[in-house]
Amino acid sequence: MTLKEQRIAFEAAKQIYDRATLTFHGVEGFDVYNVSVPFVRDGKRYLFGRVERREEWARSWVRLFEETGADEWTVVEGSMIYTLEDPYISEIDGELVLGGTHVQYQSGKYSTFFGYFFRGTDLHDLYYFTTGPNKMKDIRLVPLADGRIGVFSRPRSAEMRSVYGSESMIGFTVIDSLDELTADSIERAPYIHGIFGEGDWGGVNQAYLLDSGKIGIIGHICYRDQDVSEVEQRVYLNMAFVFDPVTRESMDLRLIGSRPCYPPGPTKKPYLLDCVFASGIVMRPDGKADLYSGLGDCQTGRITIDYPFEGHGRLV
């Protein structure tokens, strides 16, 4: 089936147990979206969020928020402000690693972008330590069962479509320590084939080590479509799959969320009406999972779904 056909089948069979739009305090006049997955530090729950005015693009900051109520988050006053987009976090050997996209300008005009990475043991004092390849987003890290670090890449280009059919690929490589996380090591990551169809694209948003030794992936998968007025839509969907870092086999790719799964709301641009950009999952006491996601590049939502890696192990 094409991705559009898979989406139609998903909408007919989906099971969504709860849904909410997150509220953010302390940043009035700004949207907060494409957040990191929530995480616990010193007994409190936090997330990093992209903060940007609705009418602006590529002029955003990443701020730290603390959970202060049910689906309510408040900016941590005095915390660092990062000139990044779309933050994501990993915990590697006791350190918190924060990544995000840094957009560069020349003479006041957009020029290019890079992935920037920060690390440290103090949530409020992370240090910038390395840079990803030019024009590569969605680089993600995951601790592996053998103590090494898995690295997912996401090259995307018109040239890639001419070679592979899809607009992007996902690569995977293994490094021994964060000191080996460089633009070269990321760019050399061998590709995982068979994930995207003709004209599709996507990437990894959060990776989880499973007790089976496999890696559970929460990501985005996308295609172009048209609405009833024949206006182009860039359809972004939440997806999950499982990857075996030893055999390099990917398996059980499935859709787990779409824009209609979340509460209705506005969009930053008309072509993003059908856009959800996953942050990741947080397990619940009842065995289900809360999936967090950016909505239309201007809001953040949460839905409760069945555990997406059933049969492949539990989160470590």
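Two rings of Phe, Tyr or Trp (for Trp, the six-membered ring) make an aromatic pair if their centres lie within 6.5 Å. In this predicted model, that rule gives a count of 17 aromatic pairs. Take Tyr-82 and Phe-118: their ring centres sit 4.9 Å apart and their planes meet at 75°, an edge-to-face pair. This pair bridges distant parts of the chain, as Tyr-82 is in the loop between β7 (72-75) and β8 (85-92), while Phe-118 belongs to strand β10 (residues 109-120), 36 residues apart. Both Tyr-82 and Phe-118 are buried.

Trp-201 and Tyr-236 make another such pair. Here the centres are 5.8 Å apart and the planes stand at 85°; angles over 60 degrees count as edge-to-face, so this pair gets that label. Trp-201 comes from strand β16 (residues 201-209) and Tyr-236 from strand β18 (residues 232-244), so the pair ties together parts that lie 35 residues apart in sequence. And are these two rings buried or exposed? The cut-off for buried is under 20% relative accessible area. Trp-201 has just 1%, so Trp-201 counts as buried. Tyr-236, with 15%, is buried too.

Ring pairs can also join up into something bigger than a pair. Phe-39, Tyr-46, Phe-48, Tyr-82, Tyr-116, Phe-118 and Tyr-128 are linked this way into a cluster, and that list includes Tyr-82 and Phe-118, the buried pair described above.

Some rings have a charge for company instead. The charged end of Arg-119 is placed over the ring of Phe-129, at 5.1 Å from the ring centre. Likewise, Arg-314 has its charged end over the ring of Tyr-307, this time 4.0 Å from the centre.

Aromatic residues turn up on the outside as well. Trp-57, Tyr-105 and Tyr-110 make a nonpolar surface patch of about 340 Å². Of these, Tyr-105 is part of strand β9 (residues 95-106). Its relative accessibility is 38%, which falls between the 20% and 50% limits, so Tyr-105 counts as partly exposed.

Finally, there is a sheet to look at. Four strands form an open sheet in the order β12-β13-β14-β15, with antiparallel pairing. At its edges are β12 (140-143) and β15 (191-192), each of which pairs on one side only. Further in, strand β13 (residues 149-153) and strand β14 (residues 170-175) run antiparallel to each other, paired over 5 bridges. Aromatic residues show up here too: Phe-152 has Phe-172, in β14, as its bridge partner.

Conventions:
Residues are numbered from 1 along each chain as its sequence is written. This is a predicted model: local features need pLDDT of at least 70, side-chain atom pairs count only at pLDDT 80 or more; totals for chains, interfaces and linings use all residues. Side-chain values use heavy atoms; hydrogens and water are left out. Rings of Phe, Tyr and Trp (its six-membered ring) pair if their centres lie within 6.5 Å; planes under 30 degrees apart count as stacked, over 60 as edge-to-face and the rest as tilted. Helices (H or I, at least four residues) and strands (E, at least two) are DSSP runs, numbered from the N terminus. Buried means under 20% relative accessible area, exposed over 50%, partly exposed in between (1.4 Å probe, protein chains only). A charge sits over a ring if NZ of Lys or CZ of Arg is within 6 Å of the ring centre and within 35 degrees of the ring normal. Patches are made of residues with over 30% relative accessible area and no salt bridge: like charges are joined within 9 Å, nonpolar side chains (Val, Leu, Ile, Met, Phe, Trp, Tyr) within 5 Å. Accessible areas come from the Shrake-Rupley method with a 1.4 Å probe; for residues, only the protein chains shown count as cover. A salt bridge is a side-chain nitrogen of Lys or Arg within 4 Å of a carboxyl oxygen of Asp or Glu. Two strands pair if DSSP finds at least two bridges between them.
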